[in-house]
Amino acid sequence: MAKKALITGIAGQDGGHLAKLLHEKGYEVYGVIRGQLEASHPRYVAVKEEMPYVNLVMADLTDLSALTRAVQEIKPDEVYNLAAISHVGYSFRDPILTADVTGKGVLNVLEAIRLSGLEKTTRFYQASTSEMFGGLDYNRPDKGYDEDALFHPRSPYGVAKLYGHWITKNYRESYGMHASCGILFNHEGERRGPEFVTRKISKSVARIKLGLQECIELGNLDSKRDWGYAGDYVEGMWRMLQQDEPGDYVLATGETHTIREFCEIAFREIGIEIEWQGEGPGEIGLDKASGKTLIKINPDFFRPAEVDILLGDPTKAETALGWERKVDFPGLVKLMVEHDLKAEA
Ligand code: G4F
């Protein structure tokens, strides 16, 4: 009999990658899509068209009864909780909704499993995040954050995710659940939303090349991120749930790069060398050959508190899960720009 997997956040970047992976592995895949959508609603239609093999279930992370109904009907072997309000900047504007969905929503999914009497049989994956580390307690500067590093979240999103992380560990310890947390560093790709900086850059670079846009407005160019390819990371999620024992694992590349470097490599893909001039909010990025301004700073994109550097140490996942990433940093930028050149044409 095929195993059944239930994915919350099916319409998001990771939901799409994971659904494809599990489908290829022979799973019966169910995806939670937010309630009250008619089968003719554009979001519902888009997911159905892209992933016809996914059985869509209407529910909301804030609605325990709908989640419990879904779990009772499907009786999934594995639940992947990927749904969240996941934009860090947005979480400063709507911290309460972020706490309800990204934090308490995790508890609702765990409770749905427990109230259905499936806590001993259904395996659970929680999408924890490197945003929980934050950066102020940067206690492993050489090797990066591992599973034992200190947490110090710097956004309402990071704080909400930390609740989700600890309540998952608590259900593991209290009820013997096979509940694991993947502490994933930034993972990007062609399915990333344009509100995140990598996709904003790759999409804008493609549009500039095609003459559809003049320049990109960005916030902090100097923060550093450990960026990998989302397609590689969903394999790690699945591997966590195949282990005999549950646990917590960092998935990361072990490299960190600035937003500035991402811009430079992305523009190089379309044959433009960027030259930086000025400082602070007045800094600009010019096309070295033509002198045209292609990058400007817009302080609206600065955050009330910033995570300056994220660097992860994936040793445990590599050793215990046999997880490895296939796409490197230049390969990731190239893949995204090439995709957007085709998509925008
Ligand atoms: O792409 P970002 O919005 O991602 P961020 O904040 O690192 O969060 C992502 O990764 C986390 C894992 O650590 C996830 F948990 C989270 O859900 C999300 O997937 O911003 C990256 C950096 C930040 O330092 C930001 O200040 O880019 C900087 N940035 C500069 N200009 C910008 C912009 N970010 C955005 N979104 N838009 C800009 O114009």
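An oxygen atom of the ligand is 2.6 Å from an N or O atom in the side chain of Arg303, in what is a predicted model. Asn186 and Lys200 also point polar side-chain atoms at ligand oxygens: the distance is 2.8 Å for Asn186 and 2.7 Å for Lys200. Away from the ligand, there is a run of parallel strand pairings to follow, along with two separate nonpolar cores and a pair of residues, Leu241 and Thr256, that are worth a visit.

**Around the ligand**
- The ligand has 23 residues around it, and those that come nearest are Thr129, Ser130, Tyr157, Ser223 and Glu306.
- For polar pairs with ligand oxygen atoms, you can look up Asn186 at 2.8 Å, Lys200 at 2.7 Å and Arg303 at 2.6 Å.

**Strands and their partners**
- Strand β1 covers residues 4–8 and is largely enclosed by the rest of the structure, because 4 of its 5 residues are buried.
- β1 pairs with strand β2 (residues 28–33) in the parallel sense, over 5 bridges, and here Ile7 stands opposite Gly31.
- Helix α1 (residues 13–24) joins β1 and β2 in a right-handed β-α-β unit.
- β1 also pairs in the parallel sense with strand β4 (residues 78–81), this time over 4 bridges; Glu78 of β4 is the bridge partner of Ala5.
- From β4 the parallel pairing carries on to β5 over 4 bridges, with Tyr80 matched to Tyr125.
- β5 (residues 123–129) is mostly covered, with 6 of its 7 residues buried.
- β5 in turn pairs in the parallel sense with strand β6 (residues 179–184) over 6 bridges, where Phe124 has Ala179 as its bridge partner.

**Nonpolar cores**
- The largest nonpolar core counts 31 residues, and Ile7, Ile10, Leu18, Leu22, Tyr80 and Tyr125 have the most contacts inside it.
- Helix α8 (residues 230–241) gives the most to this core, namely 6 residues.
- Leaving aside neighbours within four places in sequence, Leu18 is in contact with Ile7, Tyr80, Leu82, Val234 and Met237.
- A second, separate core holds 27 residues, including Ala66, Ala70, Val79 and Ala179.

**Leu241, in helix α8**
- Leu241 lies in helix α8, and its relative accessibility is 0%, so Leu241 counts as buried.
- Not counting residues up to four places away in sequence, Leu241 touches Glu78, Val79, Tyr80, Arg123, Phe124, Tyr125, His178 and Ser180.
- Leu241 and Thr122 are 119 residues apart in sequence, while their C-alpha atoms are 10.0 Å apart in space.

**Thr256, in a loop**
- Thr256 has its place in the loop between β11 (248–251) and β12 (257–258).
- The Thr256 side chain reaches the backbone oxygen of Arg225 at 3.4 Å, and a polar atom of that side chain lies 2.9 Å from the backbone oxygen of Leu310.
- Beyond residues up to four places away in sequence, Thr256 touches Lys224, Arg225, Asp226, Ile309, Leu310 and Leu311.

Technical notes:
Residues numbered from 1 in each chain as written. Predicted model: local features only at pLDDT ≥ 70, side-chain atom pairs only at ≥ 80, totals over all residues. Heavy atoms only, no water. Buried < 20%, exposed > 50% of the residue type's maximum accessible area, 1.4 Å probe, protein only. Helix = DSSP H or I, 4+ residues; strand = E, 2+ residues; numbered from the N terminus. Pairing = 2+ DSSP bridges. Right-handed = clockwise from strand over helix to strand, strands pointing away. Core = buried A, V, L, I, M, F, W, Y, C linked by side-chain atoms within 4.5 Å. Contact = heavy atoms within 4.5 Å. Near = heavy atom within 4 Å. Polar contact = N/O pair within 3.5 Å; in protein donor to acceptor, adjacent residues only side chain to side chain.
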